[in-house]
Structures are given as C-alpha cells and as structure tokens.
Amino acid sequence: MMGARAIRAAAAFAFLLWAGSAAALRPRPMVELQPGTARPGDVVLITVRGEKAPLSGQVGDKTLVFVRSARGFRALFGIPVERPPGEMSLQIQLPEGAGTQDGGEIALSVDIVEPGFPSRELQVSNQYINPPPKAKRWMAQDQAAFRRAYDQPLTGLLFRQGFAWPRDPLVTSHFGDLRLFNGQKQSQHFGTDLDGRVGDPVAAANDGVVVLARACYASGNTVIIHHGGGLFTAYFHLSRMQVNPGMKVVRGQRIGLVGKTGRVTGPHLHWASKVNSLYVNAESLLQLRFD
Ligand SMILES: [Zn+2]
C-alpha cells in the first residue's frame, strides 16, 4: 500500500510542477497506478484522468493498450510470472498540448517483490500424464477453442465495479504454485483453486460476455467470460455449465456448478484470469478499484 501511495504522490507532484511552469498549456493529466507494489502474475491497472485524446504506452517490450472508460483512459497489464524482483518501469506518451507543446512522456514504476511460489506434489489419474491418442486430438481441439475464445476484438471495459469471488473464498491452492504431478510432470498453477462440493453454485466474478462454454479434456466443463479491455476470467471443472457463448452476464450471476470434471484430485473450482494473452492471478483482480 505504501508503494501505491508513493506513486500517487509522485504523480500529483508532477502535476503541480507542470501547472506552475507552463500556465498556457493544458494541465498535465493525473495518472493512478494500482497497485504500486505487486508480485509476479499480478494484474496492474493504470488510470489516466484529464486527457481526452487517445494515449499510448509501453511496459518493457509490450504495448500498453488503453481503452476509454467513464473515469478516463484505462490500461490493464499482467506482470509475467518469471519477472525477477525489482523495479518495473513503464512509460505513457501524452498527446500534443498535454503539459508540453509536443506531448511528452510520463514515467512510472511498479515495485516487484519476491513471489515465493511454493512447491507441492499431486497425484492424478495416469491418463492425464500420458494421454491416449484420442485424448490428444480432444486436447488439440480444446486448444483451438481456447484460442478463438481469447481472440476478441478490443472493447472498452464491460463492467463498472470491482471484481468479486466466484464462490466462498476457501482457497486450497493459489496462483503460481509449482507442481509435480505423479512424481514426473512439472507445471505451474495458473489459477486459484476454491474448495467446494459437486453442485455448489459458481458465479461470474464481474459483468461480461460468455465467450466459451465447452467440455474440455483437462479443464473439464469450462466457462470463459470476456470483461472487455483484453481481460478474461475462466471457470474450470464444472459439473454443469448454465450459460452459452454470446450470453451477457452480470457480477454474481450463476454460470454453473462446482464439479470434478477433467484433470482433478477432487471437486473444486479452478478460477483463472487472462489479460492481453497472459495468465494472471485472478485473486489480484479483487484488490483493484475501478470506481
Ligand atoms: Zn487449479
């Protein structure tokens, strides 16, 4: 939290400086960064207020994609899981007349801390470690369906309030856990596991449009919701799916029931999120304020 406050203070200072030295120019816009301190895998939200012309920006070698909202321009990005601790800098280019005659640039940074992802061993049915040929074809079709679902045109954010847990937050495994399946297959957990019984309700974490509802091999019955701005949430291993692709949903609306379909050790909800093609920690969405 200290980091977020420090960044906001820095942005306010920049505003005062420009207002004093270039009174004839439009005031420099206010930039808010949430959070100021983050872990690899977290989602970061940038809000730029007081600017009407479209913005551009970069974080590392990636382009920041700004979309319009009622509160100004917003961009979301995910911190890659392999990102080492330290300062991650980003730049926003301002259009002409904003603070200086030819635009100029705002530089910000996020403080990345050590994630300390824990390791654990899991046992699953061997058909998920060495899938038979039929399963490999099924998985290839699933991958194609996921790609189509995540390939949405860029829209503004389709929600106005913050994100909510999709069910009771009884977390059994967090995002980023390093796993060894049946003593041989290594992977990283790109989701949050929430405990539950088969048949417990699962709700949409925020408003959006359903872009996938499909029986998949590894993720079981799977629902994916697009929230606009390149942001998605996904819900795996459902016993029942109660929405169809193209349906609009609102935060808290029931979309299916907890199950144990696909590669699981027991009934639970695997809740995942993706932003601009990167799997991110869905739990980190809950901390962001969109008002
Ligand atoms: Zn999971």
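Two residues are in contact when heavy atoms of one lie within 4.5 Å of heavy atoms of the other. Keep that in mind as you look at this predicted model. Among contacts between residues at least 6 apart in sequence, 68% join residues at least 24 apart.

**Stop 1: the whole chain**

Start with a cartoon view of everything. The protein chain has three helices and 23 strands. Now colour by burial if your viewer can do that: of the 291 residues, 50% count as buried.

**Stop 2: helix α2**

Select residues 133–150, which make up helix α2. This helix has 18 residues and spans 26 Å from its first C-alpha to its last, close to the 26 Å expected at 1.5 Å a residue.

Next, show the side chains of Ala 135, Asp 142, Ala 145, Phe 146, Ala 149 and Tyr 150, which are the buried residues to look at in α2. Why do they sit on the same side of α2? They cover an arc of only 125° around the axis, and that puts them on one side of the helix.

Turn the helix round. The face pointing away from the buried side carries the exposed residues Pro 133, Lys 136, Arg 137, Gln 143, Arg 147 and Arg 148.

What covers the buried residues of α2? Add some strands to your selection to find out: the cover includes β16, β17 (221–226), β18 (231–238), β22 (268–275) and β23 (278–280).

**Stop 3: Asp 207**

One of those strands, β16, leads to the next stop. Select Asp 207, in the loop between β15 (201–203) and β16 (208–215). Asp 207 is buried yet has no salt bridge. The nearest side chain of opposite charge belongs to Arg 251, and it is 6.2 Å away. A salt bridge needs a side-chain nitrogen of Lys or Arg within 4 Å of a carboxyl oxygen of Asp or Glu, so 6.2 Å does not qualify.

Which part of Arg 251 does the side chain of Asp 207 reach? Draw a distance to the backbone nitrogen of Arg 251 and you should read 2.7 Å. Then show the neighbours: leaving out residues up to four places away in sequence, Asp 207 touches Leu 158, Phe 159, His 227, Val 249, Val 250 and Arg 251.

**Stop 4: salt bridges**

How many salt bridges does a search of the whole structure find? The search finds seven. Here are some to visit.

- Select Glu 32 and Arg 49, whose side chains meet in a salt bridge at 3.4 Å, N to O. Glu 32 lies in strand β1 (residues 30–34) and Arg 49 in strand β3 (residues 43–49), so the pair ties together parts 17 residues apart in sequence. Glu 32 counts as buried, at 11% relative accessibility, while Arg 49 counts as partly exposed, at 31%.
- Select Asp 200 and Arg 167, where the closest N and O atoms of the salt bridge are 3.5 Å apart. Asp 200 is in the loop between β14 (192–195) and β15, and Arg 167 is in the loop between α2 and β11 (171–173), so this pair ties together parts 33 residues apart in sequence. Asp 200 is buried, with a relative accessible area of 13%, and Arg 167 counts as buried at 12%.
- Select Asp 193 and Arg 179, whose salt bridge is 3.2 Å, N to O. The pair links strand β14, home of Asp 193, to strand β12 (residues 178–181), home of Arg 179, 14 residues apart. Asp 193 and Arg 179 are both buried.

Before leaving, add Arg 289 to the view: salt bridges that share partners join Glu 32, Arg 49 and Arg 289 into one network.

**Stop 5: two prolines**

Select Pro 29, in the loop between α1 (2–21) and β1. Pro 29 is buried, with a relative accessible area of 5%. Its C-alpha is 4.8 Å from that of Gly 50, although the two residues are 21 apart along the chain.

Move on to Pro 35, in the loop between β1 and β2 (37–38). Is the peptide bond from Gln 34 to Pro 35 cis or trans? This bond is cis, with omega near -15°.

**Stop 6: two asparagines**

Finish with two residues that have positive phi values without being glycine. Asn 182, in the loop between β12 and β13 (185–188), has phi near 50°. Asn 182 is buried, with a relative accessible area of 18%. Asn 276, in the loop between β22 and β23, has phi near 45°. Asn 276 is partly exposed, with a relative accessible area of 27%.

Terms used. Residues are numbered from 1 along each chain as its sequence is written. This is a predicted model: local features need pLDDT of at least 70, side-chain atom pairs count only at pLDDT 80 or more; totals for chains, interfaces and linings use all residues. Side-chain values use heavy atoms; hydrogens and water are left out. Helices (H or I, at least four residues) and strands (E, at least two) are DSSP runs, numbered from the N terminus. Buried means under 20% relative accessible area, exposed over 50%, partly exposed in between (1.4 Å probe, protein chains only). Lys and Arg count as positive and Asp and Glu as negative; His and the chain ends are not counted. A polar contact is a pair of N or O atoms within 3.5 Å; within protein, one must be able to donate a hydrogen and the other to accept it, and residues adjacent in sequence count only if both atoms are side-chain atoms. The expected span of a helix is 1.5 Å times one less than its number of residues. The arc is that of the directions from the helix axis to the C-beta atoms.
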